[in-house]
Amino acid sequence: MTEKIRNALEGKEMYAFSAATALLLFLTAFLLASPDELLRGIVTIVLTRDALVTDYFELAGFGAAFFNAGLVMSMAILLIRLQKIPFTGLTMAVLFINAGFALFGKNPINVLPMLLGTWLYAKFHRSGMNRYIYTALFGSCLAPMVTELVYLLPFSFAANLGIAVAVGIFSGFVLPPLSVHTASMHMGYNLFNMGFAGGLFAFVMMCVLQSFSLESSSVFIWSYGRPLWLLAGLYLYFAAAMLFGLFLSKNCLRSLLKLMQHPGRAVADFVLMDGVPVTLVNMGIIGLLCTTYILLIGGDLSGPVVGAVLTAFGFAAFGVHARNYLPVLAGVLLSTFVTHMQPTTPGIQMGAVSAVGLAPVAGQFGIRAGIIAGMLHAAVTVCSSSLYGGLNLYNNGFSTGLVAIVLVPALESFIKGYQTKKEQKRMR
Amino acid sequence: MTHEEKKTAKIVEELTMFFFALEASYIDTRIERKKQHVTIRLEADFHPSFAEKLAHLDHYLNGQKNDGMGDIYWELAGSGDPGESSQLLLVGMMIDCADIELGADRVKLTLHRQT
């Protein structure tokens with residue numbers, strides 16, 4: 001029987017897992033709220049400005065937030081399927097970042113202009129959309145710019161909407177070439193490449209707006225506390241991911257040790273390199289690790305934190321594992337002992353979980369380098385969002401990009417210099 | 001130079017870096033360009049102690065082509081530390097298929113890429 005299920009799922013394991021997750025999000029939504037409440041909640045989410053940080057748990061209720069996450073994730077799965085993109089590690093990362101950020105900023109409406117812009121870019125270059133689908137789906141981090149402009153511009157609602165959509169389309173058009181160059185800037189040591197590219201674009205947009213005396217300001221809507229049902233649900237979900245991996249292959253624990261040898265620098269696609277079963281186990285471990293960290297520090301299971309945990313979970317298929325993440329996480333935590341920030345400061349909670357973006361630094365240069373990267377990230381992430389008034393949802397991606405650009409060349413020269421000296425000593 | 005030509009150059013750079021890491025003393029590369037097809041031929045020797053590193057060459061190079069990933073990360077090819085397998089995977093995403101002739105201390109690769 002189990003063999004039959006395994007055979008039926010062969011090659012479709014990650015698709016099945018993603019689709020089941022989207023269904024689970026819908027099911028959770030219907031358990032938490034009536035259809036009428038869900039509808040009202042979705043309308044609230046769509047009509048409200050979404051600048052960072054707008055927690056949909058607080059804004060529209062848990063049910064509507066999960067329903068929104070289910071909608072955005074389903075849209076992403078549909079696009080991936082329509083473009084015949086394989087369900088690799090990067091696909092899992094893009095699906096779960098969309099599900100996660102649909103708890104605080106993305107909705108099925110405000111992501112559309114960016115998708116359209118990238119589609120136009122593909123048409124302009126006479127290429128298929130399948131080449132740019134990842135860029136389009138990651139690029140929806142600029143979704144708040146669309147809703148923000150509708151409320152910020154001084155014209156009629158129709159004119160504001162037209163300009164906002166045009167700017168959204170333009171950003172979707174610009175992001176594909178921009179993201180290629182940002183990847184080479186941090187040399188793959190920042191896993192949230194689009195967060196860095198989006199942050200640069202949002203910063204330029206913010207400056208343009210300010211030159212017209214228009215200023216977008218960050219928002220802070222945050223739900224406090226850790227509902228027991230949500231905590232238990234997250235633990236069960238991540239444990240289920242691990243069990244699914246173990247069901248697919250009982251030998252994957254041995255493969256896990258091999259997976260943890262990868263530095264994690266892009267393009268470390270664990271699905272392609274090590275297979276689906278061990279990747280699922282690794283994803284489950286990272287999900288459990290992040291949730292436990294939030295529990296231990298007494299943090300909040302708010303929309304942004306749960307969204308960040310889901311993002312980390314997805315990126316555990318594309319470069320992140322416990323061995324390269326723990327040093328960076330330790331760095332974020334250690335920084336709170338020497339700075340004015342607390343581990344429970346909302347920005348630091350998100351920063352700690354999203355520090356997965358710098359995991360390749362620890363993977364490549366070692367534990368000490370990872371700790372330094374984490375400490376720097378904690379400092380940068382709390383002030384970087386003010387650069388673009390919350391217009392870029394992937395603020396942590398922007399921060400991890402900056403840290404990687406500054407830190408990696410220094411680490412390379414220091415470590416290579418140290419190795420050369422060591423080699424010379426040995427030769428003598 | 002178009003991006004497609006730069007990508008071809010990056011593939012050669014990555015493979016060269018990879019074989020440097022395997023202590024190659026001889027690397028010969030040739031590129032043949034036709035209208036929408038590029039063939040990259042590479043012949044290199046390597047120290048026999050690295051034979052294990054080449055065991056997965058087919059898995060990485062003949063994995064599924066992935067234009068989406070290749071288009072975001074192609075500039076990273078050739079930029080990493082020599083011998084990184086994830087960068088070899090990136091090459092695999094940028095080509096259609098590879099013929100691999102593996103000897104005891106020498107390898108011949110023929111990579112085919114539709115542009």
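What radius of gyration would a compact globule of 115 residues have, and what does chain B have? The expected value is near 13 Å, and chain B has 13 Å, which agrees. The model is predicted.

Chain B spans about 40 × 25 × 25 Å along the principal axes of its C-alpha trace. Of its 115 residues, 39% count as buried. Contacts between residues at least 6 apart in sequence were also examined in chain B. Of these, 64% join residues at least 24 apart.

The secondary structure of chain B consists of four helices and four strands. Read from the N terminus, the elements follow the order α-β-β-α-α-α-β-β. The four strands form an open sheet in chain B, with the order 1-2-4-3 and antiparallel pairing. Strand 1 (27-33) and strand 3 (97-102) of chain B stand at the edges. Each has a single partner strand, so one side of each is left without a neighbour in the sheet. From one strand to the next, the twist averages 10°.

The pairings can be followed strand by strand. Strand 1 and strand 2 of chain B run antiparallel to each other and pair over seven bridges. A hairpin of three residues joins these two strands of chain B. Within this pair, Asp28(B) has Glu43(B), in strand 2 of chain B, as its bridge partner. On the other side of the sheet order, strand 3 of chain B pairs with strand 4 (residues 106-114) of chain B. This pairing is also antiparallel, with six bridges. Here Glu101(B) stands opposite Lys108(B), a residue of strand 4 of chain B.

Helix 1 (residues 3-21) of chain B lies across strand 1, strand 2 (37-45) and strand 4 of chain B. The helix runs at about 15° to strand 2 of chain B. Glu4(B) belongs to helix 1 of chain B. Is Glu4(B) buried, exposed or partly exposed? A residue needs 20 or more C-beta neighbours within 10 Å to be buried, and 12 or fewer to be exposed. Glu4(B) has 15 C-beta neighbours inside 10 Å, so Glu4(B) counts as partly exposed. In sequence, Glu4(B) and Val38(B) are 34 residues apart. In space, their C-alpha atoms are 9.8 Å apart.

Chain B also meets chain A. The contact takes 25 residues from chain A and 17 residues from chain B. On the side of chain A that touches chain B, helix 8 (133-138), helix 10 (157-186) and helix 14 (270-274) of chain A each supply at least two residues. The largest share, four residues, comes from helix 10 of chain A. By character, the residues on this side of chain A divide into 14 nonpolar, eight polar and three charged.

Helix 7 (residues 112-124) of chain A was examined separately. At 1.5 Å a residue, its 13 residues should span 18 Å. The end C-alpha atoms of helix 7 of chain A are 18 Å apart, which agrees. The buried residues of this helix are Pro113(A), Met114(A), Leu115(A), Gly117(A), Thr118(A), Tyr121(A) and Ala122(A). They pack against helix 8, helix 9 (143-152) and helix 10 of chain A. Helix 8 and helix 10 of chain A also contribute to the side of chain A that touches chain B. Arg126(A) follows helix 7 of chain A and has a positive phi, near 50°.

Conventions:
Residues are numbered from 1 along each chain as its sequence is written. Chains are lettered from A and ligands numbered from 1 in the order in which they are written. This is a predicted model: local features need pLDDT of at least 70, side-chain atom pairs count only at pLDDT 80 or more; totals for chains, interfaces and linings use all residues. Two strands pair if DSSP finds at least two bridges between them. Axes are lines fitted to C-alpha atoms, for helices over the stretch in contact, and angles run from 0 to 180 degrees between N-to-C directions. Two residues are in contact if their C-beta atoms, placed from the backbone, lie within 7 Å. Ala, Val, Leu, Ile, Met, Phe, Trp, Tyr, Cys and Pro count as nonpolar, Asp, Glu, Lys and Arg as charged, and the others, Gly among them, as polar. The expected span of a helix is 1.5 Å times one less than its number of residues. The radius of gyration is taken over C-alpha atoms; the globule rule is 2.2 Å times the number of residues to the power 0.38.
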